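Student: I should like to learn how the features of a structural model are read, from the backbone to the enclosed spaces. Could we work through one case together?

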Amino acid sequence: MGKVKKKVKLIKIDVDKCNGCRACEVICSAFHANPKYSSNNPARSRIRLIREPLRDVYLPVYAGEYAKAECAGRDKYVIDGKEYEECDFCRASCPSRDIFKEPDSGLPLKCDMCEDDPPQEKPLCVQWCLNDALTYEEREEEVEEEVKLDDMEIGLESMVDKYGLQKVRDTVARMSKKE
Ligand code: SF4
Ligand code: SF4
């Protein structure tokens with residue numbers, strides 16, 4: 001695959017401006033609910049707050065790639081006198097924690113920059129963050145051409161990783177017969 005020009009969308013996170021209001025989690029989970037806006041469960045959000053009010057820790061983190069194995073990272077970081085776990089900064093939907101997983105099915109969640117139908121001009125979490133902790137930027141870059149996966153493909157990929165292609169095929173075939 002060759003290089004292509006691509007509009008790269010970025011969300012800049014200013015941790016110092018986040019007050020932990022969780023408006024970003026609410027709007028993200030509502031926008032991605034099925035039917036749209038029918039629920040607003042933060043557990044379904046693709047942005048999650050690492051939130052510890054007693055220590056004044058509010059860290060918004062976006063759901064990134066699915067990881068089938070947990071990593072060995074257990075280091076601690078102290079930034080401006082506040083202690084964070086290494087996992088706090090991680091965007092992966094991985095086996096060692098509950099976040100970034102669809103609560104009913106356990107399938108991985110990933111931020112899609114609100115490009116779901118109908119695509120939003122600006123990410124909704126940015127629009128709903130009244131404290132400007134989240135700001136949106138765009139720039140053009142030359143990148144390797146990539147195959148874009150939708151939510152269903154990401155979910156299926158994780159099922160195939162976990163159970164093997166044959167088992168997923170057999171299950172789908174069995175379910176189709178029941179319909
Ligand atoms: S950009 Fe959209 S999909 Fe991503 S976390 Fe924000 S609201 Fe959710
Ligand atoms: S909406 Fe903004 S201030 Fe509120 S929790 Fe999310 S990032 Fe923090």
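Student: Where in the fold does Pro-35 lie?

Tutor: In this predicted model, Pro-35 belongs to the loop between α1 (23-31) and β2 (47-52).

Student: What is to be noted about the peptide bond that joins Asn-34 and Pro-35?

Tutor: Most peptide bonds are trans, and most residues other than glycine have a negative phi. The bond between Asn-34 and Pro-35 is cis, with omega at about -5°. The second part of the general idea also has its exception here: Arg-22 is not a glycine, and its phi is positive, near 70°. Arg-22 is found in the loop between β1 (3-13) and α1.

Student: How should I read the enclosed spaces, and how many cavities of 30 Å³ or more are there?

Tutor: A cavity is a space where a 1.4 Å probe fits but cannot get out. The count is three cavities of 30 Å³ or more. The largest cavity holds about 90 Å³ of space, and the second largest about 80 Å³.

Student: Which ligand sits in the largest cavity, and which residues surround that ligand?

Tutor: Ligand 2 sits there. Around ligand 2 are Cys-18, Asn-19, Gly-20, Cys-21, Arg-22, Ala-23, Cys-24, Leu-49, Pro-60, Cys-129, Asn-131 and Leu-134. Arg-22, the residue with the positive phi, is thus one of the residues around ligand 2. By class, this shell comprises eight nonpolar, three polar and one charged residues.

Student: How does the lining of the largest cavity divide by class?

Tutor: The lining has nine nonpolar residues, two polar and one charged. Among the lining residues are Ala-133, Arg-22, Cys-129 and Asn-131. A lining and a ligand shell are separate lists: Gly-20 appears in the shell of ligand 2, whereas Ala-133 appears in the lining of the cavity.

Student: Which ligand sits in the second largest cavity, and what surrounds that ligand?

Tutor: Ligand 1 sits in the second largest cavity. Its surroundings are Ile-11, Cys-28, His-32, Arg-46, Ile-47, Tyr-62, Cys-111, Asp-112, Met-113, Cys-114, Pro-123 and Cys-125. The shell has nine nonpolar, one polar and two charged residues. The cavity lining likewise includes His-32, Arg-46 and Asp-112, and its classes are nine nonpolar, one polar and two charged.

Student: How is a pocket read, and how much space lies in the second largest pocket?

Tutor: A pocket, unlike a cavity, is an open set of points. The second largest pocket holds about 510 Å³ of space. It is lined by 23 residues, of which Glu-102, Ser-105, Leu-107, Asp-151 and Met-152 are the closest to its centre. Two elements, α3 (151-163) and α4 (165-178), each give two or more residues to this lining. The most come from α3, with six residues. By class, the lining divides into 10 nonpolar, seven polar and six charged residues.

Student: At what angle do the axes of α3 and α4 cross, and which residues meet?

Tutor: For a pair of helices, one reads the axes and then the contact. The axes of α3 and α4 come within 7 Å and cross at roughly 115°. From α3, Leu-156, Met-159, Val-160 and Tyr-163 meet Leu-165, Lys-167 and Val-168 of α4. The residues of this contact are six nonpolar, no polar and one charged.

Note on methods. Residues numbered from 1 in each chain as written. Chains lettered and ligands numbered in written order. Predicted model: local features only at pLDDT ≥ 70, side-chain atom pairs only at ≥ 80, totals over all residues. Heavy atoms only, no water. Near = heavy atom within 4 Å. 1 Å grid on protein atoms, 1.4 Å probe; cavity = no way out; pocket = protein on both sides within 12 Å on 5 of 7 lines; lining within 4 Å. Sits in = over half its atoms within 2 Å of the grid points. Nonpolar A, V, L, I, M, F, W, Y, C, P; charged D, E, K, R; others polar. Points joined across faces, edges and corners; volume = space filled by probe spheres on them. Helix = DSSP H or I, 4+ residues; strand = E, 2+ residues; numbered from the N terminus. Axes fitted to C-alpha atoms, helices over the stretch in contact; angles between N-to-C directions. Contact = heavy atoms within 4.5 Å.
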